[in-house]
Amino acid sequence: MLITGQKGTTAAALALDVYIDDNLDNICAVTRESPATRAYLLHYRYNSLSPADAGPFTRVYRLSEMFDREIQNL
């Protein structure tokens, strides 16, 4: 958990491998400022997007889904 208003800058400074959040603005900041970080958007109704609005992140519906994807990439 990053307790800061500067999620992207902090993710880059910490050289995070993976980041998950339910806030689309935070995900966009991380993908923009820390492109090496694999970003996951935890899906909720309030952060739904049309397919055309998808960014360089992966939408997941459960935290376990992110863990499964990361384990497969080891």
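The following paragraphs describe the fold, surface and second helix of a predicted protein model. In this model, local features need pLDDT of at least 70 and side-chain atom pairs count only at pLDDT 80 or more, while totals for chains, interfaces and linings use all residues. Residues are numbered from 1 along each chain as its sequence is written, and side-chain values use heavy atoms, with hydrogens and water left out.

The protein contains three helices and three strands, arranged from the N terminus in the order α-β-α-β-β-α. Helices (H or I, at least four residues) and strands (E, at least two) are DSSP runs, numbered from the N terminus. The C-alpha trace spans about 30 × 30 × 20 Å along its principal axes. The radius of gyration of the protein is 12 Å, which agrees with a compact globule because 74 residues would then give a value near 11 Å; this radius is taken over C-alpha atoms, and the globule rule is 2.2 Å times the number of residues to the power 0.38.

Of the 74 residues, 32% are buried, that is, under 20% relative accessible area with a 1.4 Å probe, counting protein chains only.

Helix α2 covers residues 24-33, and its buried residues are N26, I27, A29, V30 and T31. These buried residues pack against α1 (7-13), β1 (18-21) and β2 (38-42), where contact means heavy atoms within 4.5 Å. At the start of α2, the backbone nitrogen of D25 has a side-chain oxygen of N23 within 2.8 Å.

Technical notes:
Buried < 20%, exposed > 50% of the residue type's maximum accessible area, 1.4 Å probe, protein only. Polar contact = N/O pair within 3.5 Å; in protein donor to acceptor, adjacent residues only side chain to side chain.
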